[in-house]
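Colleague: I should like to learn how to read the features of a protein model. May we go through one together?
Modeller: Certainly; please put your questions as they arise.

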Amino acid sequence: MPEGPDTDCIVQRLHLSAGAWLDLWPRLLSAQNDEWLTRLTGELPWHEERYRMFGREIVAPRLVCWHGDPQARYRYSGVFHEPEPWTEPLTELRRAVEGATGLRFNSVLGNLYRGGRDSMGWHADDEPEIGPSADDRHIASLSFGDDRRFVLRCAERREKTEVLLGGGDLLVMRGTTQSEFQHAIIKTAKVVGKRVNLTFRYVSGGGLTSRPPAQGLGAAPSDDES
Ligand SMILES: O=C(O)CCC(=O)C(=O)O
């Protein structure tokens, strides 16, 4: 059983423009990185996600799962995705994330990147149902496994920033990050191992009326792009 978080871990704040900021707890759970990776890859109900874009069926380049309180329903392309119940490891990790951040979450989206070709295209999690409020949507992203580049951009202001997310790192996107920026996980030709990312969210009741969590999922940026 993995041990608890590193209580000496100190949060680092990175201010972006226009009222957006990131809080990073580096290596919060890195001492248990391998154990959590094994447990989460083995125990969660990972599956492919298919969606339609421009009349074509696309398979997202990663595996996903969605868990949460019963009201944390998630809808896109006209289909409701009912959350799977919380599992023991997810409950334990939610407790660690809430303990570190002082924030509350009622759902979690899991992404499993099987290697460097798995990725997440540019998108913002800016659906009105993600809260607690439009000018401060809290999304807490906890990573296990190999390092991956997490990139944010604001095309309007030609602003781009990047955080290398390693196993055990906790990053919280705050303020106007979702309305002012898009984010992505960069595809890479380097040999990288598995990575699990959990984004804890606060979803208000009734279900999301959103597009897929990654607009342009198929068009993932790559190392060559930046
Ligand atoms: O894997 C990551 O770090 C990013 C996940 C993400 O962007 C999302 O779940 O919306």
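Colleague: On the other side of α2, which residues are exposed?

Modeller: This is a predicted model, and a residue is called exposed when 12 or fewer other C-beta atoms lie within 10 Å of its own, and buried when there are 20 or more. On that side of α2, the exposed residues are Glu88, Thr91, Arg95 and Gly99. The buried residues of the helix are Leu90, Leu93, Arg94, Val97 and Ala100. These buried residues lie on the same side of α2 because they cover an arc of only 130° around the axis.

Colleague: Against which strands do the buried residues of α2 pack?

Modeller: Their partners are β2 (20-25), β4 (56-68), β7 (107-113), β11 (139-145), β14 (170-175) and β16 (195-201).

Colleague: How many residues does helix α2 have, and what follows the helix?

Modeller: One may compare the span of a helix with the expected one. Helix α2, residues 88-101, has 14 residues and reaches 20 Å from its first C-alpha to its last, close to the 20 Å expected at 1.5 Å a residue. After α2 comes glycine 102, with a positive phi near 75°.

Colleague: Is tryptophan 25 buried or exposed?

Modeller: One counts the neighbours. Tryptophan 25 is part of strand β2, and it counts as buried because it has 23 C-beta neighbours inside 10 Å. Leaving aside residues up to four places away in sequence, tryptophan 25 touches Cys9, Val11, Ala100, Asp169 and Leu170. Ala100 is also among the buried residues of α2.

Colleague: What separates the C-alpha atoms of tryptophan 25 and isoleucine 10?

Modeller: Positions along the chain and positions in space should be read separately. These two residues are 15 residues apart along the chain, and their C-alpha atoms are separated by 6.2 Å. For the protein as a whole, 76% of the contacts with a separation of 6 or more are between residues 24 or more positions apart.

Colleague: How many helices and strands does the protein have?

Modeller: There are 3 helices and 16 strands. Of the 226 residues, 38% count as buried.

Colleague: In which sense do β3 and β4 pair?

Modeller: To describe a pairing, one gives the direction and the bridges. Strand β3, residues 47-53, pairs with β4 in the antiparallel sense over 6 bridges. One of these partnerships links glutamate 48 with leucine 63 in β4. The two strands form a hairpin with 2 residues between them, and phenylalanine 54 in the turn has a positive phi of about 50°. Strand β4 is also joined to β7 by 6 bridges, and these two run antiparallel. There, histidine 67 has valine 108 of β7 as its bridge partner.

Colleague: In what order do the 4 strands of the open sheet lie?

Modeller: The order is β8-β15-β12-β13, with antiparallel pairing. Strands β8 (120-123) and β13 (159-165) are the edges, each pairing on one side only. From one strand to the next, the twist averages 15°. Within this order, 4 bridges join β12 (residues 148-154) to β15 (residues 182-185), and valine 151 has alanine 184 of β15 as its bridge partner.

Colleague: Which backbone angles deserve attention?

Modeller: Most residues other than glycine have a negative phi, and most peptide bonds are trans. Arginine 27, in the loop between β2 and α1 (33-43), has a positive phi of about 55° although it is not a glycine. Arginine 158, in the loop between β12 and β13, has a positive phi near 50°. Arginine 27 counts as partly exposed because it has 16 C-beta neighbours inside 10 Å, whereas arginine 158, with 7, counts as exposed. In addition, a cis peptide bond joins glycine 131 and proline 132, with omega about 15°; proline 132 lies in strand β9 (residues 132-133).

Colleague: What is the mean pLDDT of the protein, and where is the pLDDT below 50?

Modeller: The mean pLDDT is 88, and 87% of the residues reach 70 or more. Over residues 208-220 the pLDDT is below 50, and this stretch has 41 contacts in the model beyond near neighbours in sequence. Where pLDDT is low, the predicted coordinates should not be read in detail.

Methods
Residues numbered from 1 in each chain as written. Predicted model: local features only at pLDDT ≥ 70, side-chain atom pairs only at ≥ 80, totals over all residues. Expected span 1.5 Å × (residues − 1). Arc of directions from axis to C-beta. Contact = placed C-beta atoms within 7 Å. Pairing = 2+ DSSP bridges. pLDDT = per-residue confidence, 0-100. Axes fitted to C-alpha atoms, helices over the stretch in contact; angles between N-to-C directions.
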